[in-house]
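Work through the exercises below with the sequence and the model side by side. Each task is followed by a solution in steps.

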Amino acid sequence: MEVEIRPGALLATLTVAVVMLLPVLGFAVSPRDADGRPVLLLPDVRAVDLYRRQVTGWVSNWTGVDETLNEVLIGDVTQLLALSRKAQRAFEQSAALARDVDASESPPALLGLRDLSAQVAADHVGASVAVARWLSAPSTENRVAAEEAVAVAGEGLAALQANDWVSEQGANEP
């Protein structure tokens, strides 16, 4: 006994199966907000979310640079080569982050966050330069300038971390 399926019936069956499968698949893979509701990622919403994630990554990297600069300032000056290498790595990383901030395009809704990020980037580059200057020409004036620059960079980073778009509360909302 042979079973013959007409081409129109097969096509109709496949169409119904796909139409029933797509909503289930969409529900399963949709991003969710903190309350578990699906989030509609329109192009502008997606741009805001991507930029926010980018800034969060920068904050993480600046935290590492900030820790390194503080380690150099409290480090043993008899280990000048090791401190110089740390300071050089901090400078290179802060310069690379500053280039990333300058090259990144922010959505109009986050221009304030972009300005704050650019300021933090500039502060960390300045702090890295001040620490390197102190290591290359150790004097009381250079030490004080380096400590002040690192403190200013740390304050800017703390302000950026406190921003609602970067903090944990803001990270849960797209």
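A salt bridge is a side-chain nitrogen of Lys or Arg within 4 Å of a carboxyl oxygen of Asp or Glu. The model used here is a predicted one.

**Exercise 1. A salt bridge in helix α5**

Task: Decide whether the side chains of Glu147 and Arg143 meet the salt-bridge rule, and state where the two residues lie.

Solution.
Step 1. The N to O distance between the side chains of Glu147 and Arg143 is 2.7 Å. The cut-off is 4 Å, so the side chains of Glu147 and Arg143 meet in a salt bridge.
Step 2. Both residues belong to helix α5, which covers residues 140-162. Because they are 4 residues apart there, about one helical turn separates Glu147 from Arg143.
Step 3. Glu147 has a relative accessibility of 36%, so it counts as partly exposed. Arg143 is partly exposed too, at 24%.

**Exercise 2. Other salt bridges**

Task: Find the salt-bridge partners of Asp35 and of Asp49, and say whether each Asp is buried or exposed.

Solution.
Step 1. Asp35 pairs with Arg37, and their closest N and O atoms are 3.5 Å apart.
Step 2. The relative accessibility of Asp35 is 59%, so Asp35 counts as exposed.
Step 3. Asp49 forms a salt bridge with Arg53, with 2.8 Å between the closest N and O atoms. Both residues lie in helix α2 (residues 43-74), 4 residues apart, or about one turn of the helix.
Step 4. For Asp49 the relative accessibility is 11%, so this residue counts as buried.
Step 5. Asp49 and Arg53 also belong to a network of salt bridges that includes Arg52. The count of salt bridges by this rule is 5.

**Exercise 3. The aromatic cluster**

Task: Describe how the rings of Tyr51, Trp58 and Trp62 are arranged.

Solution.
Step 1. There are 2 aromatic pairs in the structure. In one of them, Tyr51 and Trp58 lie 5.9 Å centre to centre with 85 degrees between the planes, and the pair is edge-to-face. Both Tyr51 and Trp58 are buried.
Step 2. The ring centres of Trp58 and Trp62 are 6.2 Å apart and the planes are at 55 degrees, so this pair is tilted. Trp58 and Trp62 lie in helix α2, 4 residues apart, about one turn of the helix.
Step 3. Tyr51, Trp58 and Trp62 therefore form one aromatic cluster, since rings pair if their centres lie within 6.5 Å.
Step 4. Trp58 has 4% relative accessibility and so counts as buried. Trp62, at 0%, also counts as buried.

**Exercise 4. Core and surface**

Task: Which residues touch the most other members of the largest nonpolar core, and which residues form a nonpolar patch on the surface?

Solution.
Step 1. The largest nonpolar core has 32 residues, and Val55, Trp62, Val131 and Leu160 touch the most other members.
Step 2. Helices α2, α3 (80-103), α4 (111-136) and α5 each supply at least two residues of this core. The most come from α2, with 10 residues.
Step 3. Beyond its neighbours within four places in sequence, Trp62 is in contact with several residues, including Leu97, Val120, Leu157 and Leu160.
Step 4. In soluble globular proteins, nonpolar side chains tend to be buried together.
Step 5. On the surface, Val3, Ile5, Leu10 and Leu14 form a nonpolar patch with about 430 Å² of accessible area together. Leu10 lies in helix α1 (residues 7-29). Its relative accessible area is 45%, so Leu10 is partly exposed.

Methods: Residues are numbered from 1 along each chain as its sequence is written. This is a predicted model: local features need pLDDT of at least 70, side-chain atom pairs count only at pLDDT 80 or more; totals for chains, interfaces and linings use all residues. Side-chain values use heavy atoms; hydrogens and water are left out. Patches are made of residues with over 30% relative accessible area and no salt bridge: like charges are joined within 9 Å, nonpolar side chains (Val, Leu, Ile, Met, Phe, Trp, Tyr) within 5 Å. Accessible areas come from the Shrake-Rupley method with a 1.4 Å probe; for residues, only the protein chains shown count as cover. Buried means under 20% relative accessible area, exposed over 50%, partly exposed in between (1.4 Å probe, protein chains only). A nonpolar core is a set of buried Ala, Val, Leu, Ile, Met, Phe, Trp, Tyr and Cys residues joined through side-chain atoms within 4.5 Å. Contact means heavy atoms within 4.5 Å. Rings of Phe, Tyr and Trp (its six-membered ring) pair if their centres lie within 6.5 Å; planes under 30 degrees apart count as stacked, over 60 as edge-to-face and the rest as tilted.
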